[in-house]
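Visitor: Could you walk me through this one? I'd like to start with the nucleic acid contacts.

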Protein chains: 2
Amino acid sequence: MIQPRPRTIPEATVARLAVYLRVLTSLADGGRTTVSSGELASAAGVNPAGLRKDLSHLGSCGVRGVGYEVRALRERIAHVLGAERSRACVLVGIGNLGTALADYAGFGSRGFRFVGLFDAAPARVGEEIGGLVVQPMAELEATVTATDASIGVIATPADVAQSVCDRLAAAGVRSILNFAPVTLTPPPGVDVRPVDLSVELQVLAFLGQQRGVRAAEVTA
Amino acid sequence: MIQPRPRTIPEATVARLAVYLRVLTSLADGGRTTVSSGELASAAGVNPAGLRKDLSHLGSCGVRGVGYEVRALRERIAHVLGAERSRACVLVGIGNLGTALADYAGFGSRGFRFVGLFDAAPARVGEEIGGLVVQPMAELEATVTATDASIGVIATPADVAQSVCDRLAAAGVRSILNFAPVTLTPPPGVDVRPVDLSVELQVLAFLGQQRGVRAAEVTA
DNA sequence: AACCGCTTGTGAACGCAGGAACAAAGTCGC
DNA sequence: GCGACTTTGTTCCTGCGTTCACAAGCGGTT
């Protein structure tokens, strides 16, 4: 089977596609049937030309002079992102953040479902969160295998994150979202995407500080 | 006063500097006094040449043939990022995620301190988290003014995030970290940095799916 | 049926980030 | 004191992402 499109979609574009998908779902819920690139770009906070280029990566589905059909475009993006099928995820580290993630309903509507929650603290084990019961760490590998989970989320303290990463990888998990404030070095063939909340705050603070300096210079 | 360095540091570099700062702190705690670019790059998960280029943006502080002095470099980065001075932050939306953020000790050690927690639900008001008492939304503006908070964190449901954003901006907050799954349109002069956990998961899933396709092609 | 306005899709140019290679500089050994 | 080695700082270059601008195409109108 020949793929008519080059299947290499830039990572930056993929991130924006996920945002478009969210906006389109919101529009569809609001009863909109068509939308122009300018309006969609405004709602997503990006440049209209860039949005069109992003969409061109998945074979154009718009109608010139009219715009895009909301439902059709949503389906198309969902298909490319693989969001149609539900993906099994396991979550390790049921602290405050882990609890928040396990309870977050937003994941379910985007094609992700948690199939296992794990924590090292015996006091946590047995607790029920979002319909799942927290399991001990010893059951991690068996659950990953049984559920064929391909995504792992690490919300543990920093000092155990690497060992959790290794265990997840060994059990067959290929993609890991890491909230622990350490840089993980995964085995070959495993992707790690770091999400460091402190880093986000520091970048934000620096940009704000720099903006202040600029403003002071302009007035000077 | 003439600044010897161009103060325009690329945003990508700023994000990495925050990571280097974290690694350096860890090294300093471990008793290390010097570190080479290669070792530091490995610990941060980046290319050594790129790391040296990042560091060159803030005036080189390394010693050729030896490496970087851990404490001095840490101080330097902290100074450039403005992490020496503690910054006042307010947090709106004390759900599961908000509670996790308020309780997260990692922020304190990076120069951020929460000075106000707010929630619209009367049941939440009065609760004590991480040494602070949750306040009603009506007190938002007064607290921002009194504490001169410059950073706001939004962890509310999506439907009220824009109005919270507007109120924060009106009260004087210039930088906002948004965890709500909507694209905010801030007033001029206000920066918003979105952190969408579902988007992160979708990008991760797509990359993993694409990796699977690649592997299948190679075997074919 | 033909025209006109509107919107998409694409081609080109610009700027930026990332990586590799090389020169400068300092330390360790002899 | 001198040479060789190690490591930084810089420069060049390649590739990617983003933006602008224009041609192509469709619907509505006359």
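**Contacts with DNA strand C**

Guide: In this predicted model, a backbone N or O atom of A:G65 lies 3.2 Å from a sugar or linking oxygen of DNA strand C. That is a polar contact, meaning a pair of N or O atoms within 3.5 Å. Residues are numbered from 1 along each chain as its sequence is written, and chains are lettered from A in the order in which they are written. Local features need pLDDT of at least 70, side-chain atom pairs count only at pLDDT 80 or more, totals for chains, interfaces and linings use all residues, and side-chain values use heavy atoms, without hydrogens and water.

Visitor: What does A:R64 contact on DNA strand C?

Guide: A base oxygen, 3.0 Å from an N or O atom in the A:R64 side chain. At A:G62, a polar backbone atom is 3.1 Å from a phosphate oxygen of the strand.

Visitor: How many residues surround DNA strand C?

Guide: 22, with A:S37, A:S60, A:Y68, B:K53 and B:R64 the closest. Near means that a heavy atom of the residue lies within 4 Å of the strand. Of the strand's atoms within 4 Å of the protein, 68% belong to sugar or phosphate and the rest to bases.

Visitor: Switching to α1(B): why does its length look right?

Guide: Helices are DSSP runs of H or I, at least four residues, numbered from the N terminus. The 19 residues of α1(B), 11-29, should span 27 Å at 1.5 Å a residue, and the end C-alpha atoms are 28 Å apart, which agrees. The expected span is 1.5 Å times one less than the number of residues.

Visitor: And what comes just after α1(B)?

Guide: B:G31, with a positive phi of about 95 degrees.

Terms used: Helix = DSSP H or I, 4+ residues; strand = E, 2+ residues; numbered from the N terminus. Polar contact = N/O pair within 3.5 Å; in protein donor to acceptor, adjacent residues only side chain to side chain.
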